[in-house]
Amino acid sequence: MSERGFTAALLRWFGLYGRELPWRGIDDAYGIWVSEVILQQTRIEQGRDYWLRFMERFPTVEALAAASEDEVLRLWQGLGYYSRARNMHAAARQIVEHGGFPRTIEGLRSLKGVGDYTAAAVGSMAFGLPVAAVDGNVYRVLARHYGIDVPINTTRGKRTFEALAQELVPADAASAFNQAMMDFGATWCTPRSPRCIDCPVAETCEALRTGRVDQLPVKEKKLQVKERHFSYIYIRHEGMTALRRRPAGDIWQGLWEPLLVEDAPLPDLGCPLMLLASGVKHVLTHRILLADFYLAEPEARPELPPGYIWVSEQELDRHGVPRLVEKLFSMVH
Ligand code: SF4
């Protein structure tokens with residue numbers, strides 16, 4: 001099926017099966033925007049009631065801008081993700097200041113909390129801008145229909161799907177096309193058990209033809225961020241402290257560090273350990289370190305574990321240390 005064939009089939013389907021929603025058929029940018037913000041993280045059945053209530057209390061963007069944040073948040077109660085309401089309130093004030101809704105994608109994008117998807121949805125539905133609104137539904141439908149296995153959560157995936165959606169969107173019916181894609185993804189080509197049997201584009205669906213419906217779209221597994229807990233003990237004894245060079249095969253190879261305890265009880269150094277800081281966070285790629293810093297000032301020189309040496313505190317700055325250790329040093333000097 002040509003691109004045009006897919007778009008036409010989808011628009012025909014939308015004419016028959018598009019969902020009846022209270023904000024459908026309106027061209028009021030404000031009402032459309034409110035519906036899009038509500039639906040970002042909310043199911044449509046719940047969102048519908050909130051939209052009606054919201055529009056009744058704040059029928060215009062001016063009414064929303066003039067409200068107090070407390071009142072907006074109260075009306076939002078139960079929907080969660082309150083930053084959406086706060087951003088919307090702030091954006092309403094931006095719009096009123098600006099003298100009305102911006103009518104370009106860039107203008108819409110400049111509103112607080114408005115990303116590419118919302119800008120495209122509002123721009124196409126309210127102002128007829130020929131822009132595709134690409135969300136999870138669109139990724140899924142396109143990945144399956146065109147048999148694209150580029151992971152959707154990568155930059156390359158985003159670019160691929162956005163470019164394809166943009167090719168498909170008809171310049172004179174962007175609003176209907178975007179709504180059709182949303183509805184089709186939400187009710188027909190669903191994540192689990194899609195209705196391939198009576199699908200309007202089944203004949204040309206690549207995933208169906210090749211038996212990959214349940215394998216598309218592809219998501220790249222993100223490497224899990226591991227958490228590690230470090231306890232660093234700065235030992236001070238007669239102007240000396242204990243350091244070691246970090247071994248190979250781990251982070252910070254070759255840099256120096258004070259006595260490190262990881263996944264083991266704190267050692268007995270013959271004196272109390274003074275806690276200087278706890279849970280100091282240090283973020284590395286794929287790793288988060290949480291460190292506790294201690295100071296120990298024993299009267300007798302303790303025996304050090306293998307690998308550690310005594311270094312004069314005067315000469316500490318001759319030793320390259322990780323930034324996390326620098327923080328500890330700054331607390332004891
Ligand atoms: S045939 Fe199935 S997988 Fe393909 S577009 Fe239609 S509903 Fe989606």
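These exercises walk through a predicted model, each with a worked solution.

Residues are numbered from 1 along each chain as its sequence is written. Because the model is predicted, local features need pLDDT of at least 70 and side-chain atom pairs count only at pLDDT 80 or more, while totals for chains, interfaces and linings use all residues; side-chain values use heavy atoms, leaving out hydrogens and water.

**Exercise 1. Place Arg246 and describe its surroundings.**

Where is Arg246, and is Arg246 buried or exposed?

*Solution.*

Step 1: start with the location. Arg246 sits in the loop between strand S2 (240-245) and strand S3 (256-257). Helices (H or I, at least four residues) and strands (E, at least two) are DSSP runs, numbered from the N terminus.

Step 2: look at accessibility. Arg246 has a relative accessible area of 4%, so Arg246 counts as buried. Buried means under 20% relative accessible area, exposed over 50%, and partly exposed in between (1.4 Å probe, protein chains only).

Step 3: find the polar partners. A polar atom of the Arg246 side chain lies 2.9 Å from the backbone oxygen of Ile251. The side chains of Arg246 and Glu257 are joined by a polar contact of 2.8 Å. A polar contact is a pair of N or O atoms within 3.5 Å; within protein, one must be able to donate a hydrogen and the other to accept it, and residues adjacent in sequence count only if both atoms are side-chain atoms.

Step 4: list other neighbours. Setting aside residues within four places in sequence, Arg246 is in contact (heavy atoms within 4.5 Å) with several residues, among them Arg228, Phe230, Tyr232, Trp252 and Leu260.

**Exercise 2. Follow the salt bridges.**

How many salt bridges does a search of the whole structure find?

*Solution.*

Step 1: count them. The search finds 16 salt bridges. A salt bridge is a side-chain nitrogen of Lys or Arg within 4 Å of a carboxyl oxygen of Asp or Glu. Side chains of opposite charge can pair when their charged atoms come close.

Step 2: take a pair from distant parts of the chain. Asp183 and Arg19 form a salt bridge, with their closest N and O atoms 2.8 Å apart. Asp183 belongs to helix H11 (residues 174-187), while Arg19 is in the loop between helix H1 (3-17) and helix H2 (29-39), 164 residues apart. Asp183 is buried at 0% relative accessibility, whereas Arg19 is partly exposed at 23%.

Step 3: return to Arg246. Asp250 forms a salt bridge with Arg246, the closest N and O atoms being 2.8 Å apart. Asp250 is partly exposed, at 28% relative accessibility. Arg246 and Asp250 also belong to a network of salt bridges that links them with Arg228, Arg244, Glu257 and Glu262.

Step 4: add one further pair. Glu315 and Arg318 form a salt bridge with closest N and O atoms 4.0 Å apart. Glu315 is partly exposed at 34% relative accessibility, and Arg318 is exposed at 64%.

**Exercise 3. Spot backbone features in loops.**

Which peptide bond is cis, with omega near 0°?

*Solution.*

Step 1: the cis bond runs from Leu216 to Pro217. Pro217 is in the loop between helix H12 (206-209) and strand S1 (226-235).

Step 2: turn to phi. Glu238 has a positive phi, near 45°, and is a residue other than glycine. Glu238 lies in the loop between S1 and S2 and is exposed, at 69% relative accessibility.

Step 3: Trp252, also a residue other than glycine, has a positive phi near 60°. Trp252 is in the loop between S2 and S3 and is buried, at 16% relative accessibility.

**Exercise 4. Describe the largest pocket.**

What is the volume of the largest pocket, and how many residues line it?

*Solution.*

Step 1: the volume is about 400 Å³. On a 1 Å grid over the protein atoms alone, a pocket is an open set of points where a 1.4 Å probe fits, with protein on both sides within 12 Å along at least five of seven lines; lining residues have an atom within 4 Å of a point. Grid points are joined across faces, edges and corners, and a volume is the space filled by probe spheres set on the points.

Step 2: the pocket is lined by 17 residues, and Leu39, Gln40, Tyr117, Asp135 and Asn137 lie nearest its centre. H2, helix H8 (116-127) and H11 each give two or more residues to this lining. H11 gives the largest share, 3 residues.
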